[in-house]
Amino acid sequence: MAAYTSPVEGDGRTGLSDLTAAVGERFGSVLSPMPAGHGYVLTLSLAQPDSLPSLCKFLFWDLGCQFGGMIAEEHASLWQQHYAFLLPGSGWIDVLLSLPIETTTVPSIVAEVNAADWHEREVEDMFGIHFEGHPRLGDFILHDQIWREGIEPMRKTFSATQPASGRQLDLEWEPLLIVGDPGSFAMPVGPVYDGGLGESLHFLLETVGEDVIRALPRLFYNYRAVEKIAEGRCVSDVLLLAERFAATSAFAHSLAFCQAVEKIHSVEVPPRAAIFRVLICELERLRHHAGAIAAICESTALAVSTAHAAIIEEELLRASCVFIGHRYLFGLNVPGGLSRDFGAEECKTLLLSIDKAEKDLRILENRLRYSSSFLDRLEDVGVVKVESARYLNLVGPIGRASAQHCDLRKACPYSGYERYVFDIPCETEGDGYARLRVLFAEATQSVKLIHQAIDALEPGAICVPCEGSYSGAALGWAEAPRGAALHWVSLDEKGLVERYHAITPSFSNWHGFHEAAEDFAFQDFPIILATFGLSATECDR
Amino acid sequence: MSFWFWHGLRRGIQSTGYPRRAEAAPGVSPGRPVNTDFTSADEAQSAAAICPVDAIIAQGRSAFVDQGECVHCQRCRLSIPSPMNWDPGYEWTRLPAEQSECATLPSAFSKSMHIMVVDAGDCGACLHEVKQLNNPLYNMHRLGFFFTATPRTADLLLIVGPVSENMRGPLLKTWEAMPTTRRVMAVGSCAITGGIFGRSFMCAGGAGSVLPVDFEVPGNPPPPLAILHGLLVATGRKSVTQNELVSEGRS
């Protein structure tokens, strides 16, 4: 993190007032005053795009902010782009660019903030906005061999239910290859691979022989246009979509969505519901991590440990089903709280399952630590250096294995996380084994949090209804099992969803995946893929 | 490293007794709403009104469930005063509405069926439940079911997801590459009707609109045992669920 310098001394952490002063000093002349709101602690409003790249660079590199993502919105007479930056400990900062609706070109910030790369590609593909200075636009969500150019599905004028008239199979289409050396070739993987048990995505592994030189993933095979079909529908319908676009982290995503709606309605969730939300978030994280560990064991073909971890995962799925009535935690979150309450007996039964899972995970961890053939496949494989993780802005356990401490539960607490005592496990090696250790350590912390949550329970309401038609927009967030999830919800005056945008951890981390896979041998590729543990469908939406 | 060997032995056999006997472990299935007779027409109406996907149809004092539409949101159980009846089981496999004969695979496949899975826009839940069939608790190998890495050796195409536009081509290619005799199974309400994603410029609204489907396993997601039941039906070792009653005017 060479360029990471903090303008204030002391604890080394920039405060919100320091940041406001530093930004005001350098960019005061181009910023127009704007009250903060919509879930942001500070809004920096730009009416001219020229200073956008330098402002973003200043926030990301000089003030040490994390990049959350970019949200584009089409209004009646205005084109807006929100760039969400996180100032750890203080909250989300909104760099808001407002331009006339006729705008077709906006400067790219990729050269300054690399993590904005895919966000800009998405907006270019779905809205038709050109990002000046971006090195590679086009062929992103709408695959070029199927969709002709000029279709802009996220524009208000485009109807989601119209038949797919833009389809025309281009048989001449060929993927872009980067390595042009004589003798180089590309090995295609996917979209149907691993007996179909892998989620649909495609890799072209470019090579001249032994090592993978370029490994750019091609995603969005599972794109179901969740954000488009959400438009014009009521909140309770869109909640089903928020919950079901990525089922392995359904609760975290529905929580982020519900929190956005609650902010629009100015509703405070009852304490009992907030505690249960923490409990179930951690249950989901524990189950997800057990599954991710099983996948890592499987990728190294260590059969007994795979079976052991898979049984832990299945037992947690069953425990979730007994506790909630659904194995993937569907149907529990509602705006304003939870759809049902739980008794003390139910919590006790859940705790027994949790404790058993933790004990089994510990046995597994201790055994794996002494399995040399297993460790040989993970250590120094798929390395993401600390500085790479920083510029790619990797999130979640993958980021934390490369010393990126940011965890929304601590950096920007929600649902009362600030009242719990827990650690954010971090490693610095950034290899496959570091990622595995982070998963084990986080699972332990989750169990600790579940115990604290049950101890903190107090009687009270489980839900306050979010009724009536409120218009407005807000950002909701949650630390999903794979990392930071941001949901932007905008409601019109009838209370119907006008714009919905989900920024998922898999979207952020797939963008950096190539960093780990490149320059390693072919046989390491499935293992690197497993240690990343990303979901294609969570990215695709 | 030898400890793994002893570790495996010490755990003993973990697999379920299904299909020889029903699996009674708690949490193996979330269950599902079934056709319910209420005491008043109002109760049936309120059950139909709470359903976000119109899977419940009220007729007089009765409420019928179209299982292919149901997305397991549990609102008809948790959010109304008189909840729908709940079926805790998992033997849910049915035939597509327009099909009357069960297209069971020939007897040569009954103890050896190779399965090709295609994720056609799945949310991850159905795919995850399919994967669970390989873990020791379900262990489908013992029943002669295997996942295969290539469509060339596959007998059954198992589709999860509503068929996204970007996956339509790969799905059709996979199907075309399979030798006959072959069967197609749609797993999950998304693969049957499009589920919550429905029909849009990006979604075909279920595998049936792209390919001829032989078996349907409703659920959102169907638990592993429900999928296992589907595989047993496809090989003629179990029969389809007969109680699938859908009101007139809906198919």
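User: Before we start, where do domain bounds come from?
Analyst: Domain bounds are not drawn by hand here; they come from an automatic or database domain assignment. This is a predicted model, where local features need pLDDT of at least 70, side-chain atom pairs count only at pLDDT 80 or more, and totals for chains, interfaces and linings use all residues. Residues are numbered from 1 along each chain as its sequence is written, while chains are lettered from A and ligands numbered from 1 in the order in which they are written.

User: Which domains does the assignment give for chain A?
Analyst: Happy to list them. Chain A has domain 1 (16–132), domain 2 (185–218) and domain 3 (226–540).

User: Which strand gives the most to the side of domain 2 of chain A that touches domain 3 of chain A?
Analyst: The C-alpha centres of these domains are 27 Å apart. Two residues are in contact if their C-beta atoms, placed from the backbone, lie within 7 Å, and 12 residues from domain 2 of chain A meet 13 residues from domain 3 of chain A. Strands are DSSP runs (E, at least two residues), numbered from the N terminus. With seven residues, the top contributor is strand β10 (residues 211–218) of chain A.

User: Is A:R419 buried or exposed, or in between?
Analyst: Count the other C-beta atoms, placed from the backbone, within 10 Å of the residue's own: 20 or more means buried, 12 or fewer exposed, and in between partly exposed. A:R419 has 14 of them, so this residue is partly exposed.

Definitions and conventions. Helix = DSSP H or I, 4+ residues; strand = E, 2+ residues; numbered from the N terminus.
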